[in-house]
Amino acid sequence: MANVRDLLDELVEGVETVLLFSPSEAYYERCREIEDVSVVVCAGDNGVGAERFVELPLEFVAAKERIRFGVEGATEEGFLTKGDEVVCALQLFDDAIDSVCRVRVGDLDRSGVYDLFTTSRADPAVISAVVDVAVELGQKGQKGKPVGALFVIGDAGKVMNKSRPLSYNPFEKSHVHVGDPIVNVMLKEFSRLDGAFVISDSGKIVSAYRYLEPNAEGVDIPKGLGTRHMAAASITRDTNATAVVLSESDRLVRAFKGGELILELDPEEY
Ligand SMILES: Nc1ncnc2c1ncn2[C@@H]1O[C@H](COP(=O)(O)OP(=O)(O)OP(=O)(O)O)[C@@H](O)[C@H]1O
Ligand SMILES: [Mn+2]
């Protein structure tokens, strides 16, 4: 007569690596004792002192995104290789680990989110704060109307040299940072203006209303996208900046780096 344990045994059969998402110290210590299994911790910080650790720059709301990011990170760090079967243990409903799933490395399509956060010059928390603002704008629009926005993050000096003001810069004398709730409201307010926001590596809002003038030579973007996206792709090819774009036409959030589209998010799913 099969029992629940048989089901779980099947799930973990032959697995050599366990990914623990934000475990407690006690939970981590218990898992460390398990024989011939290596443990990788994925969390915002390595509070448990794990030897194998993957930093999550944000607590992804969607479990699948969290798992995808953790598996991508563990693969990048060399803890996993394509084809490995790994068990992921994470919190879904409780505030402790309450769910287990099995994933084969390579089955999850690359989300690009990992690159966006880990290979950008700007601080990962700044990137996630900007993505959050773009996603919220995509979900709610500005006063209910769809709006587009272009955020250029990092390498701000070079970006400013490759652009010019469309009007006075409302952030000229201020010293405000993205991620501050009041500033996020200001960014949404100003998003109906033309031009791009320029944000420094550390998240300071350098300028709004900026017209980017990169060299668009040889940069190609998906058909149907227009000048805002072309400017985003081109400026990231000409500088070390990352660009996050919210499209007014299709409401998707996209990220560009090195002239390439590396991420496309539907705010409705995020
Ligand atoms: N080089 C640029 N620098 C800064 N902002 C730009 C630039 N080009 C376009 N924009 C901004 O993008 C807005 C939309 O332009 P356009 O419709 O051509 O872009 P798009 O890529 O189709 O974007 P969307 O999908 O939002 O319509 C413009 O009104 C302008 O505010
Ligand atoms: Mn357009």
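Is G49 buried, exposed or partly exposed? I start with that residue, and the answer is that G49 is partly exposed, since its relative accessible area is 48%, a value that falls between the 20% below which a residue counts as buried and the 50% above which it counts as exposed. Please keep in mind throughout that what we are looking at is a predicted model. As to where G49 sits, it belongs to the loop that connects β2 with β3. Its C-alpha atom lies 18 Å from that of I97, and the two residues are separated by 48 positions in sequence.

Let me now step back to the whole chain. It has 270 residues, of which 47% count as buried, and its secondary structure comprises eight helices and 12 strands. Along the principal axes, the C-alpha atoms fill a box of roughly 75 × 40 × 35 Å. If we take the contacts between residues at least 6 apart in sequence, 57% of them join residues at least 24 apart. The chain exposes about 13,800 Å², and carbon and sulfur atoms account for 49% of that area. On the side of charge, there are 29 positive and 46 negative side chains, with the centres of the two sets lying 9 Å apart.

I turn next to the sheets, beginning with the one that contains β1. This is an open sheet of five strands in the order β3-β2-β1-β4-β5, and its pairing is mixed. At the edges stand β3, residues 53–55, and β5, residues 99–104, and because each has a single partner strand, one side of each is left without a neighbour in the sheet. From one strand to the next, the twist averages 25°.

Two helices pack on this sheet. Helix α1, residues 4–12, touches β4 and β5, and its direction makes about 35° with that of β5. Helix α3, residues 63–76, touches β1, β2, β3, β4 and β5, and its direction makes about 130° with that of β1.

Within this sheet, β4 deserves a closer look. Five of its six residues are buried, so β4 is largely enclosed by the rest of the structure. As a reminder, strands of a sheet pair through backbone hydrogen bonds, either parallel or antiparallel. Toward β1, which covers residues 17–21, strand β4, residues 85–90, runs parallel, and four bridges join the two. Among these pairings, L19 has C88 as its bridge partner in β4, while L20 has A89. Toward β5, on the other hand, β4 runs antiparallel, with six bridges between the two strands, and here E85 finds its bridge partner in R104 of β5.

The second sheet I want to describe is an open one of seven strands, ordered β7-β9-β8-β6-β10-β11-β12, again with mixed pairing. Its edge strands are β7, residues 163–165, and β12, residues 260–265, each of which pairs on one side only. Averaged over the sheet and with direction ignored, neighbouring strands are turned by 30° against each other. At the β7 edge, three bridges join that strand to β9, residues 205–212, and the two run antiparallel; in this pairing, S163 stands opposite L212. Helix α8, residues 227–238, lies across β6, β9, β10 and β11, and runs at about 170° to β10.

Finally, a word on backbone angles. Most residues other than glycine have a negative phi. Which phi values, then, do we find at D36 and R251? For D36, phi is near 35°, a positive value in a residue that is not glycine, and for R251, likewise not a glycine, phi is positive too, near 65°. D36 is located in the loop between α2, residues 25–32, and β2, and with a relative accessibility of 71% it counts as exposed. R251, by contrast, is located in the loop between β10, residues 242–246, and β11, residues 253–257, and its relative accessibility of 31% makes it partly exposed.

To close, I return to the opening residue: G49 is partly exposed, and it lies in the loop between β2 and β3.

Conventions: Residues are numbered from 1 along each chain as its sequence is written. Chains are lettered from A and ligands numbered from 1 in the order in which they are written. This is a predicted model: local features need pLDDT of at least 70, side-chain atom pairs count only at pLDDT 80 or more; totals for chains, interfaces and linings use all residues. Side-chain values use heavy atoms; hydrogens and water are left out. Two strands pair if DSSP finds at least two bridges between them. Axes are lines fitted to C-alpha atoms, for helices over the stretch in contact, and angles run from 0 to 180 degrees between N-to-C directions. Contact means heavy atoms within 4.5 Å. Buried means under 20% relative accessible area, exposed over 50%, partly exposed in between (1.4 Å probe, protein chains only). Accessible areas come from the Shrake-Rupley method with a 1.4 Å probe; for residues, only the protein chains shown count as cover. Lys and Arg count as positive and Asp and Glu as negative; His and the chain ends are not counted. The place of a charge is taken as NZ of Lys, CZ of Arg, CG of Asp or CD of Glu.
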